[in-house]
Amino acid sequence: MPAGNIGDLAVAIQAAKGTPAPAALFRVPITGGGLNPTREVTALEGSTANRVRMGAFVARARAEGSPTIYAMPDSLGAFLFAALGAKAVTGAADPYEHTFTLAPSQPYMTFWRNVGGIQFERFPDCKVSQLVLRSAEGAAMTAEIGIIGLRAQNLVAAVGTPALEVGIPFVHYDAEQQLLVEGTPVASMSSVTTTITTGATVIPGDNLGGYAIAEGMVGIRFETSQLIEDGALWRRLHYGSATPGDEAAQTRGLLELGGAPAGLSLKWTKRNNAGVAVTPERSLEINAPRIVIANIAGMETNNNGEPLRATVTYDAYQPGSGSALTAILRNAVATYPAT
Amino acid sequence: MAETTGPAERPEGAEAGYTLRRGEPSASYGYAAADGTYREIAADDAGVVTPETPEDEAILNAFGLDQVREVRTPSGGTTTRKIADPEPVVPAPITTEGPADDQAATEGAAQEGD
């Protein structure tokens, strides 16, 4: 009987739609969720000799899922590229610096999975519909990857290469003093969730799975949990100033973050056992320069004396130039090639 | 200011009217084109990136790469690519007609403007 924790997810970037990548670029452990073939069965509603339904047929068969993996310094780049669509790499040696930005189109990806050592599948022509990076106190960072694909294929053997990427993923305390709001570290930030929704949907065609996957409007949202150490941010959101006057009315303006760097700048840097940044550098940096606070929840009294803690929701909007979100990954990977 | 001497022939993308960009030497820029194909543009040893399609240009713009101004040297037919140097601002010549006194009066009036 196969154990449920045997398995992995592999990924590669396709050079073109319709042609699966010939080999995996990374293979990573799965911490939750999965990627599956899907099928829709539609009933035939014609009349029959009795009350029993006439029959049914397979209307669609595709692939879909939301596997969660650990945010590993190397493989994370493939998923960031899949979600954002553009990448640049600089550096002649380790550490290489990969900059991922939003582009009009996303790449087609091929995924593979092994479940229990008994079922092996390949998922060509996939795109990422959502990428959620979760970093929370006491936990390793995870990446939940929403995937939709035009088809699935059974394989008779597992993908054995490359080697599974193991090791210590980014953890929350790798971001110590590097979670910046308006250029200022917020040391009480005990969790950050970054959600990139790409709006990717299947475009139907003349086949079973669909003709293509089209990108839609991008949504970028950050949610943080942090102490409320004073009411300044709350007053700025609701009354337009950190120090509004007595009987100040609610503001009609949005609270767009300023600072230098503007908006949010979040960075996780791998450190050695002594807490010193490792060399060559292994880091993830996320910058969103144009940020509007959507909501602050938590300005409420409690009955147990716990400190006030806010859940702050930030939305990213298109800046005057450049990308609404830029992710910079420094690692040992020279390139994320399409094949 | 980096200044490099490149080949005598202009790059293909430049001939097509796309603006050369300054990246970093040996950098590469990859993206998915609208038809689902993957495109990669590599900088040359001098860091100059040559876009060949409008999509290339849009991606390089998104990365914020500076434009490269291409100039011809007067001798030898060599193309010199001068990087990230904005076009010089040349003031428009002032042409006036009429006697010199009228011109002075006009200039004086102009100096009193807002």
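1. A residue is called buried when its relative accessible area is under 20%, exposed when that area is over 50%, and partly exposed in between. This note applies that scale to a predicted model, and it begins with a residue of chain A. Arg330(A) has a relative accessible area of 14%, and because this is under the 20% cut-off, Arg330(A) counts as buried.

2. The partner of Arg330(A) in a salt bridge is Glu97(A), and the closest N and O atoms of the two are 3.1 Å apart. Arg330(A) belongs to strand β23 (residues 326-331) of chain A, while Glu97(A) belongs to strand β8 (residues 96-102) of chain A, so the salt bridge ties together parts that are 233 residues apart in sequence. Glu97(A) has a relative accessibility of 26%, and because this value lies between the two cut-offs of 20% and 50%, Glu97(A) counts as partly exposed. Both residues also take part in a network of salt bridges, in which Glu97(A) and Arg330(A) are linked with Lys267(A), Glu281(A) and Glu285(A).

3. Over all chains, the structure holds 20 salt bridges, and another one in chain A joins the side chains of Arg27(A) and Asp8(A), with a distance of 2.7 Å from N to O. Here the link runs between strand β2 (residues 26-28) of chain A, which contains Arg27(A), and strand β1 (residues 7-13) of chain A, which contains Asp8(A), the two residues being 19 residues apart. Arg27(A) and Asp8(A) are both buried.

4. Which residue forms a salt bridge with Arg39(B)? The partner is Asp56(B), with the closest N and O atoms 2.7 Å apart. Arg39(B) sits in strand β4 (residues 38-42) of chain B and Asp56(B) in helix α2 (residues 54-62) of chain B, and the pair, 17 residues apart, links distant parts of the chain. Asp56(B) is buried because its relative accessible area of 0% is under 20%, whereas Arg39(B), at 24%, is partly exposed because that value lies between 20% and 50%.

5. The largest pocket encloses about 460 Å³ of space. It is lined by 23 residues, of which Val186(A), Gln226(A), Leu227(A), Asp230(A) and Leu233(A) are the closest to its centre. Two or more lining residues come from each of β14 (184-185), β18 (219-227), α2 (232-239) and β22 (309-316) of chain A, and the largest share, four residues, is given by α2(A). Sorted by class, this lining has 15 nonpolar, four polar and four charged residues.

6. The second largest pocket holds about 380 Å³ of space, and among its 21 lining residues the closest to the centre are Leu102(A), Ala103(A), Val218(A), Gln318(A) and Ala324(A). The elements that supply two or more residues to this lining are α1 (76-84) of chain A and α2 of chain B, with the largest share, three residues, coming from α2(B). By class, the lining of the second largest pocket divides into 13 nonpolar, seven polar and one charged.

7. The last point concerns the nonpolar cores. The largest nonpolar core has 64 residues, and those with the most contacts inside it are Leu76(A), Phe111(A), Phe222(A), Trp268(A), Leu284(A) and Tyr314(A). Helix α1(A) gives the most to this core, with eight residues. A second core, separate from the largest, has 14 residues and includes Ala88(A) and Ala103(A) together with Ala43(B) and Ile59(B).

Technical notes: Residues are numbered from 1 along each chain as its sequence is written. Chains are lettered from A and ligands numbered from 1 in the order in which they are written. This is a predicted model: local features need pLDDT of at least 70, side-chain atom pairs count only at pLDDT 80 or more; totals for chains, interfaces and linings use all residues. Side-chain values use heavy atoms; hydrogens and water are left out. A salt bridge is a side-chain nitrogen of Lys or Arg within 4 Å of a carboxyl oxygen of Asp or Glu. Buried means under 20% relative accessible area, exposed over 50%, partly exposed in between (1.4 Å probe, protein chains only). On a 1 Å grid over the protein atoms alone, a cavity is a set of points where a 1.4 Å probe fits but cannot get out, and a pocket is an open set with protein on both sides within 12 Å along at least five of seven lines; lining residues have an atom within 4 Å of a point. Grid points are joined across faces, edges and corners, and a volume is the space filled by probe spheres set on the points. Ala, Val, Leu, Ile, Met, Phe, Trp, Tyr, Cys and Pro count as nonpolar, Asp, Glu, Lys and Arg as charged, and the others, Gly among them, as polar. A nonpolar core is a set of buried Ala, Val, Leu, Ile, Met, Phe, Trp, Tyr and Cys residues joined through side-chain atoms within 4.5 Å.
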